[in-house]
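Let's take a look at how some helices pack and how two chains meet. Have the sequence and the 3D view open as you read.

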Protein chains: 2
Amino acid sequence: MAQQRYFLGIDGGGTKCKARLENANGELLAEGLAGPANPVQNADLAFQSIVEAAHQAVQAANIPGLTEEKLSVCLGLAGVNVPAYRTIAENWPLPFRQVKVTTDLHVACVGAHGSPEGAIVITGTGSSSFASVNNVHTAIGGHGFPLGDKGSGAWLGWCGLSYTLEALDKLRPSTPMVSAMCRALGTDNTRKIVGEALGFTSRDYARLAPVVVNHVYKHDPIATTIMEDGKTYLEAVILRLSDLGAKRISVIGGLSSHWTGWFTPHVQQLLSPALNPPEMGAVVLARQAFKEA
Amino acid sequence: MAQQRYFLGIDGGGTKCKARLENANGELLAEGLAGPANPVQNADLAFQSIVEAAHQAVQAANIPGLTEEKLSVCLGLAGVNVPAYRTIAENWPLPFRQVKVTTDLHVACVGAHGSPEGAIVITGTGSSSFASVNNVHTAIGGHGFPLGDKGSGAWLGWCGLSYTLEALDKLRPSTPMVSAMCRALGTDNTRKIVGEALGFTSRDYARLAPVVVNHVYKHDPIATTIMEDGKTYLEAVILRLSDLGAKRISVIGGLSSHWTGWFTPHVQQLLSPALNPPEMGAVVLARQAFKEA
């Protein structure tokens, strides 16, 4: 009798690492959740988070004799499109039977469409997009803040803060968004704001994004101009994904619902809801990569 | 007989430190030039550069009995508007008789106008501006890249590179500026460009500014749009300095000549040429601060 197979999908991101454990029939056995797993930001921590999330899932499954050594795994990780980081991830001494490494975008795309074909736009702390058409993969955007990542939380917060400083310098009109940004920062002293912002990461800027988004709903003219700018970029991305031949396109990530309601009807018609989360896409890819007994 | 007085002016910047030595009659005795002197970037190096530039000037003056201990000095340094950096500079064990610490903007303004009153806009690697009206000092902009510094070299290069990546992603039309940017980077591979740009400082971005500026003169539509954006910002700064009551306004720094020719006639009429370099302003302030015998 053939040995029972187990497939684990990992979605590793900058804030958390999710694991999903399924059997050969595609039944969910257990899940795991651990800390950051972005090898670009911290490779050692990413390794630890992956091991921990997998261990949690195995423990929770509570199947006699099941250990990590029996798992066929697909890791979806940010940054592994860069050869140096892919090499790091491929050389981790992971306790699994088999490991396939691919990008977080790839597993998210497969998850969103329940199929290897389609395209996604992710807008959370950062922004990026990915298409898989006739098995050809194309990544668009995702160049990182401040060079790219338009339409992301970091970009929204940065736009709002940059405008706020110009308004405090009396170079541009003040609006309620400017006052709200100062309240969020706890000061309207330009020198203090700049001193604090010297050490800002993408995540710090992204924490200010809600100030901009909330003021779009209040019809603040500056917040609206920023949002229109981001919309123009994201719509261009979606049209490009459609031109590439992607039949199914989903917008995912923490800010997705704010953007999709803002798109023009023509662009909205190109979008389909995401069917499943990224870690489910990773399980699909693990099963595909290691289908031999 | 009263002892002869000696005044030294220091202009400390991110790339070099200039010293100017004058006697009590305002006669130039010697100059000195050393490395970076920006206490925000590297306080120890800034200290060393100041000591070295001063030493060079004293040696070059070749006056019997003249040593650093006889100098009344004004240091014009970036970042000392931030209290923490001012404290560092004020506590340096400098070998001078007397030391006054002020900002690089202040000494540049006094130099440009040969008077304590006036305003300046600096556009080089970074951008910032300063007004002294009725002895009230106001700093505008200079919030640092990427939050501020619009119209600077770093900002121009960043705008050009950011657009180039969008063009390579086929989200925006390509133009000759995009091809020239790829030649300057040695590649049109998005992944390689992004990998390299991960570690870019303001100075790295500023090195790409000439690509944008050159294409403005070639009527490249994207380079022109970027330049118009920067012009809008810098004109707003100049109009604000004028509103503050500054009678004499100068635009200085490595990119100043590119901008001034681009301004609308109304704004050009508000501008006056800089009379003297920043280190000369520092000498004026040293003489003013330590005029007692």
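## Two helices crossing

First, a bit of vocabulary: an axis here is a line fitted to C-alpha atoms, for helices over the stretch in contact, and angles run from 0 to 180 degrees between N-to-C directions. Keep in mind that this is a predicted model.

Now find helix H8 (residues 209-217) of chain A and H9(A): their axes come within 8 Å and cross at roughly 105°. Angles of 65 to 115 degrees count as roughly perpendicular, so that is how H8(A) and H9(A) sit relative to each other. On the H8(A) side, the contact is made by A:Val212, A:His215 and A:Val216, while H9(A) brings in A:Ala223, A:Thr224, A:Ile226 and A:Met227. Sort the residues of this contact by type and you get five nonpolar, two polar and no charged.

## A closer look at H4(A)

How far apart should the ends of H4(A) be? With 16 residues at 1.5 Å a residue, H4(A) should span 22 Å, and its end C-alpha atoms are indeed 22 Å apart. H4(A) is also mostly covered, with 15 of its 16 residues buried. Just after this helix, A:Lys170 takes a positive phi of about 60°.

## Where the chains meet

Chain A and chain B each put 23 residues into their contact. On the chain A side, strand S8 (136-141), helix H4 (153-168), helix H6 (190-197) and helix H9 (221-243) each supply at least two residues. H6(A) gives the largest share, four residues. By type, the chain A side divides into twelve nonpolar, seven polar and four charged residues.

Note on methods: Residues are numbered from 1 along each chain as its sequence is written. Chains are lettered from A and ligands numbered from 1 in the order in which they are written. This is a predicted model: local features need pLDDT of at least 70, side-chain atom pairs count only at pLDDT 80 or more; totals for chains, interfaces and linings use all residues. Two residues are in contact if their C-beta atoms, placed from the backbone, lie within 7 Å. Ala, Val, Leu, Ile, Met, Phe, Trp, Tyr, Cys and Pro count as nonpolar, Asp, Glu, Lys and Arg as charged, and the others, Gly among them, as polar. The expected span of a helix is 1.5 Å times one less than its number of residues. A residue is buried if 20 or more other C-beta atoms lie within 10 Å of its own, exposed if 12 or fewer, and partly exposed in between; C-beta atoms are placed from the backbone. Angles under 35 degrees count as roughly parallel, over 145 as roughly antiparallel, 65 to 115 as roughly perpendicular and the rest as oblique.
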